[in-house]
Amino acid sequence: MAAPECSAPRPTPEAEEIYRHWIQFLDDEFVRHGSPERRGEIVRDQLYQLYLGRPYSGKLNLTLTSELPGNVVSLSLDPQNVTLEAEHYPEVDRERYARRKPLLWFWQMFDRSPIGLNHWLGCRFRSMLGKHLFAHMGKRVRIDHGVELAYGYNLSIEDGVIVRQRALLDDRAEIKLGQGCVIGNYARIYSHTHQKDDYDKVIFAPTSIGARARVGAHTVVLAGTQMADGTIVGPQGTAAGEES
């Protein structure tokens, strides 16, 4: 006798309704507001609720040294008060990055928040943010928690892609993930390298993962790699050049 089919795990109907409502609200806000300043305010207000459980008030007690740690936390929830590694890269497109920085901070801080491991919510949250971060964001994309990005604006993801937890998509140059490909846990996808005889000289090379390709866990895909459709690179492997 065949085993009964299991439905996909999901939250209770009440929770699902609230989750969907929150994600739709955020999506609408980021569509409506494209300026770095307003997006930063939206992210700040949301992170206040997620981390501190209260609305943003703007009032800090600056006289008591005992409250300095709390003030540091409060200030650091505002994207304008933090710096990210990618801001220091000399090739960064500052105008495009500025619009995305609040969303990149939201991406990172959501995953580090008390709800960051809520898989059903997290996958949908990241897919929503991806529409506003990436050069292209396909449908039915699943991005697990802890996935790291550089800029976001150099990343194109086609339909049905799966990026598993803790992968790195180092989009300092163009990275394309083809339809239905799978990026394994802790995989590293690079689009930059260094000149052999002058490590300070950075070389950029577009990287693409073909449709239905598989990049195994802990695998490194070097800058400039062009993986053909259906290619499989097993766990802890290295992909370079033309992979087929």
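1. Y56 is partly exposed, with a relative accessible area of 34%. Here buried means under 20% relative accessible area, exposed over 50%, and partly exposed in between, using a 1.4 Å probe and protein chains only. Y48, by contrast, counts as buried at 4% relative accessibility. Please keep in mind that this is a predicted model, in which local features need pLDDT of at least 70 and side-chain atom pairs count only at pLDDT 80 or more, while totals for chains, interfaces and linings use all residues. Residues are numbered from 1 along each chain as its sequence is written, and side-chain values use heavy atoms, with hydrogens and water left out.

2. Now to the rings themselves. The whole structure holds 12 aromatic pairs. Rings of Phe, Tyr and Trp (its six-membered ring) pair if their centres lie within 6.5 Å; planes under 30 degrees apart are called stacked, over 60 edge-to-face, and the rest tilted. Among these pairs are Y48 and Y56, edge-to-face at 5.0 Å centre to centre with 85° between the planes.

3. Another pair to look at is Y89 with Y151: the ring centres are 6.1 Å apart and the planes stand at 70°, so this pair is edge-to-face. Y89 sits in the loop between α3 (68-76) and α4, and Y151 in the loop between β3 and β4 (155-157), so the contact ties together parts that are 62 residues apart in sequence. Helices (H or I, at least four residues) and strands (E, at least two) are DSSP runs, numbered from the N terminus. Y89 counts as buried at 15% relative accessibility, and Y151 also counts as buried, at 0%.

4. Y89 has a charged partner too: the charged end of R172 sits over its ring, 3.7 Å from the centre. The criterion is NZ of Lys or CZ of Arg within 6 Å of the ring centre and within 35 degrees of the ring normal. Elsewhere, R124 lies over the face of W120, at 3.9 Å from the ring centre. You may also like to display W22, F30, F106, F110 and F125, which form one aromatic cluster.

5. On to the sheets. Six strands make an open sheet in the order β1-β4-β7-β12-β15-β18, with parallel pairing. Its edge strands are β1 (136-137) and β18 (242-243), each pairing on one side only. Two strands pair if DSSP finds at least two bridges between them. Strand β15 (residues 226-227) is joined to β18 by two bridges, and Q226 stands opposite E242 in β18.

6. There is also an open sheet of five strands, ordered β2-β5-β8-β13-β16 and again parallel in its pairing. β2 (142-143) and β16 (232-233) stand at the edges with a single partner strand each, so one side of each has no neighbour in the sheet. Two bridges connect β13 (residues 214-215) with β16, where I232 is the bridge partner of R214.

7. Finally, the interior. One cavity of 30 Å³ or more turns up in the whole structure, with a volume of about 100 Å³. A cavity is a set of points, on a 1 Å grid over the protein atoms alone, where a 1.4 Å probe fits but cannot get out; lining residues have an atom within 4 Å of a point. The largest share of the lining, five residues, comes from α4, while α4 (94-112) and β3 (148-149) each supply at least two. Lining residues include W107, D111, E148 and R166.

Methods: On a 1 Å grid over the protein atoms alone, a cavity is a set of points where a 1.4 Å probe fits but cannot get out, and a pocket is an open set with protein on both sides within 12 Å along at least five of seven lines; lining residues have an atom within 4 Å of a point. Grid points are joined across faces, edges and corners, and a volume is the space filled by probe spheres set on the points.
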